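Student: May we go through the labels attached to certain charged residues and the grounds for each?

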Amino acid sequence: MEVVTGTTEYFKGIGQIKFEGPGSDNPLAFRWYDENRVVAGKPLKEWLRFACSYWHSFNGNGSDPFGGPTHLFAWDQKADVLDRAKDKMDAAFEFITKMSLPFYCFHDVDLVDYGNDVAENERRLDAITGYALEKQQASGVKLLWGTANLFSHRRYMNGAATNPDFRVVTHAGAQVKAALDATIKLGGENYVFWGGREGYMSLLNTNMKKEQEHLARFLHLSRDYARKQGFKGVFFIEPKPCEPTKHQYDYDAATVIGFLRQYDLLNDFKLNIEVNHATLAGHTFQHELQVAADTGLLGSIDANRGDYQNGWDTDQFPNNLNELTETMLIILEAGGFGGGGINFDAKIRRNSTDPADLFHAHIGGMDSFARALITADAILQKSDYLELRKARYASFEAGAGKDFAAGKLNLEALRDLALEGEPETISGRQEYYENIINRFI
């Protein structure tokens with residue numbers, strides 16, 4: 001990939017990040033992510049499909065509830081909205097191409113600041129996406145997915161598509177229409193819906209049935225519009241249980257799948273699973289992936305991690321090899337993503353203030369996923385992992401167990417078979433399975 005810069009180089013002294021192998025001491029090099037290395041029949045770049053999150057990497061200023069910005073960007077200085085947005089895009093594509101990231105993702109308001117004038121917002125988005133199209137064509141970088149921010153503006157304090165005020169729903173519709181137009185214009189492969197405030201704070205003032213019906217209607221309208229405009233990609237819903245609302249309607253993977261099934265949206269929608277959202281829901285990331293994969297709805301993932309001592313969405317870069325290896329076992333067995341990839345929905349820490357920190361964060365995340373994928377493939381190819389798991393269910397492969405699985409037994413038959421005596425105790429061998437992971441890392 002050719003590095004693309006604007007008139008200003010924002011990350012001076014840092015060249016294109018290259019693969020140098022596990023023995024390298026260069027902190028600005030990949031040790032595991034060799035994009036052309038073939039694993040399970042496909043190169044790493046096709047399995048992993050890495051994407052940069054525009055919002056965290058170029059908008060995240062380090063502020064938190066207890067303090068203001070600590071990341072002061074050189075591309076965020078000009079007074080004119082579009083000039084400032086173009087500087088930010090210059091910095092973004094410089095970084096993305098220096099990292100050799102094949103994709104990026106954005107919310108509409110990440111690309112350019114929005115005001116309260118719908119027509120002016122559409123004009124701004126059209127102008128900046130024209131500039132983005134030039135950058136994509138010059139670099140070969142693609143848009144993995146776009147989305148609309150329907151949670152930051154105060155009008156959305158009670159939700160967007162689920163808002164009790166129809167006038168707010170109209171603004172949500174206008175914003176999604178523009179975001180869909182932008183995604184289609186840029187050749188986006190997918191489109192994401194994250195219901196940041198699609199939920200409730202109190203049931204006392206909430207008609208839950210009506211709000212969920214309105215959300216379904218909104219998704220149908222959005223899908224129909226996009227298809228009419230020629231969009232052939234996949235729509236994703238990103239589950240999250242809470243924060244900012246007390247209880248969100250897209251609580252977890254199982255909840256979303258039930259919603260899609262109830263409202264006849266399964267044919268067009270898959271899931272975009274985020275690590276930190278899974279843990280907020282009381283699940284492991286692996287659990288959420290498996291739920292999605294088992295229904296054929298594993299579309300994409302947002303890669304990050306939480307802090308075990310904090311109860312909120314800290315969006316740190318992933319680095320836990322054990323957890324990532326378990327993750328990649330599921331993705332390998334599922335055959336990969338259903339249209340999406342791995343978006344680093346992660347931000348550098350508030351006190352990480354050097355320009356190089358953004359590179360170190362992405363290098364670490366990409367290397368961790370690559371190493372985990374290589375490790376998971378070795379486990380599947382060289383260990384007894386699959387055989388052990390299959391053997392655990394061997395009683396359903398013959399005789400009465402096979403008849404049960406095929407639906408040939410009734411409850412009375414199960415009772416009669418139980419008269420044969422108490423079953424043997426069979427170990428789950430969990431520690432052995434855990435040791436397999438450690439042995440191959």
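The dialogue below takes up salt bridges and burial.

Tutor: This is a predicted model, in which local features need pLDDT of at least 70 and side-chain atom pairs count only at pLDDT 80 or more, while totals for chains, interfaces and linings use all residues. Residues are numbered from 1 along each chain as its sequence is written, and side-chain values use heavy atoms, with hydrogens and water left out.

Student: Why is the pairing of aspartate 268 and arginine 227 called a salt bridge?

Tutor: The term requires a side-chain nitrogen of Lys or Arg within 4 Å of a carboxyl oxygen of Asp or Glu. The N to O distance here is 3.0 Å, so the pair qualifies. Aspartate 268 lies in the loop between α8 (253-262) and β10 (269-274), and arginine 227 in helix α7 (residues 208-228), 41 residues apart.

Student: What makes aspartate 268 buried?

Tutor: Buried means under 20% relative accessible area, exposed over 50%, and partly exposed in between (1.4 Å probe, protein chains only). Aspartate 268 has 16% relative accessibility, and therefore counts as buried.

Student: Is arginine 227 buried, partly exposed or exposed?

Tutor: Arginine 227 is partly exposed, because its relative accessibility is 31%.

Student: How do you know that arginine 84 and aspartate 76 form a salt bridge?

Tutor: Their closest N and O atoms are 3.6 Å apart, so the criterion is met. Arginine 84 is buried at 15% relative accessible area, whereas aspartate 76 is partly exposed at 44%.

Student: Why is arginine 415 called exposed?

Tutor: Its relative accessibility is 52%, so arginine 415 counts as exposed. The side chain of arginine 415 meets that of aspartate 416 in a salt bridge of 3.4 Å, N to O.

Definitions and conventions:
Helix = DSSP H or I, 4+ residues; strand = E, 2+ residues; numbered from the N terminus.
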